[in-house]
Amino acid sequence: MNNKNVLCGLLLVAGLGVSGLALSHGNVTPQAVDTSGLEPLGKEWRDTNPYREPYANHAKAVEIGASAYNQNCARCHGLEAKSGGIAPDLRMLDVGAEGDEWFKERVINGAVRDGAVYMPKMADYISQEGLWAIRTYLDSVHVEE
């Protein structure tokens with residue numbers, strides 16, 4: 001086998017690995033989140049994160065959010081929200097109301113580009129409480145760019 005055939009074979013294998021990542025990126029089945037200990041929020045979505053400090057159970061929200069993030073978000077966004085390049089690095093999400101607005105829009109509507117699902121509509125699977133807990137966790141690991 002010559003070098004050209006070896007190189008073509010390596011590129012083919014690498015391409016299959018990358019295409020598998022691309023196809024699996026939005027193919028996620030969200031897991032239920034136990035939000036026991038957090039204030040129930042009802043059906044109407046809040047505009048800003050109700051679990052942000054000085055919320056009395058802020059530490060509980062971070063704990064629940066960390067677990068929920070690892071179960072539902074880490075596959076694409078990376079462990080500890082440190083992206084490996086497949087999806088946005090959520091540690092750099094704006095803090096406060098601006099970041100809340102983007103987060104809320106994305107978890108409710110998901111992300112679809114050219115007909116491909118890059119992120120499912122997480123609000124179809126995870127409660128508002130669970131999603132705001134994830135947002136609370138993301139605030140706790142925030143870094144500036």
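Hi everyone, this is a short walk through the fold of one chain, its last helix and a few of its salt bridges. Please keep in mind that the model is predicted.

Let's start with the overall layout. The chain has five helices and two strands, and along the sequence they run α-α-α-α-β-β-α. Of the 145 residues, 37% are buried. If you take the contacts with a separation of 6 or more, 69% of them link residues 24 or more positions apart. As for the surface, the chain exposes about 8900 Å², and carbon and sulfur atoms supply 54% of that area.

Now please find helix H5, residues 128–140. Its 13 residues reach 18 Å from the first C-alpha to the last, close to the 18 Å expected at 1.5 Å a residue. Is H5 mostly covered or mostly open? Mostly covered: 11 of its 13 residues are buried. Among them are Leu131, Trp132, Ile134 and Tyr137, but also charged side chains such as Glu129 and Arg135. And what do these buried residues pack against? Their partners are helix H2, residues 58–72, and helix H4, residues 96–109.

Let's stay with Arg135 for a moment, and turn to salt bridges. A search of the whole structure finds 10 of them, and I'd like to show you three.

In the first, arginine 135 meets aspartate 139, at 3.0 Å from N to O. The two are four residues apart in H5, so about one helical turn separates them. Arginine 135 has a relative accessibility of 1%, which means that it counts as buried.

The next one joins aspartate 100 to arginine 52, at 2.7 Å from N to O. Why is this pair worth a look on your screen? Aspartate 100 sits in H4 and arginine 52 in the loop between helix H1 and H2, so the bridge ties together parts that are 48 residues apart in sequence. Aspartate 100 is buried at 0% relative accessibility, whereas arginine 52 is partly exposed at 24%.

Here is the nice part: through salt bridges that share partners, Arg52, Asp100, Arg135 and Asp139 are joined into one network.

The last pair is in H2, where lysine 60 and glutamate 63 meet at 3.8 Å, N to O. They are three residues apart, about one helical turn. In general, an α-helix has 3.6 residues a turn, so residues three or four places apart point the same way. Lysine 60 is partly exposed at 32% relative accessibility, and glutamate 63 is exposed at 51%.

That's my tour, thanks for listening!

Terms used: Residues numbered from 1 in each chain as written. Predicted model: local features only at pLDDT ≥ 70, side-chain atom pairs only at ≥ 80, totals over all residues. Heavy atoms only, no water. Expected span 1.5 Å × (residues − 1). Buried < 20%, exposed > 50% of the residue type's maximum accessible area, 1.4 Å probe, protein only. Contact = heavy atoms within 4.5 Å. Areas by Shrake-Rupley, 256 points an atom, 1.4 Å probe, with all protein chains shown as cover. Salt bridge = Lys/Arg side-chain N within 4 Å of Asp/Glu carboxyl O.
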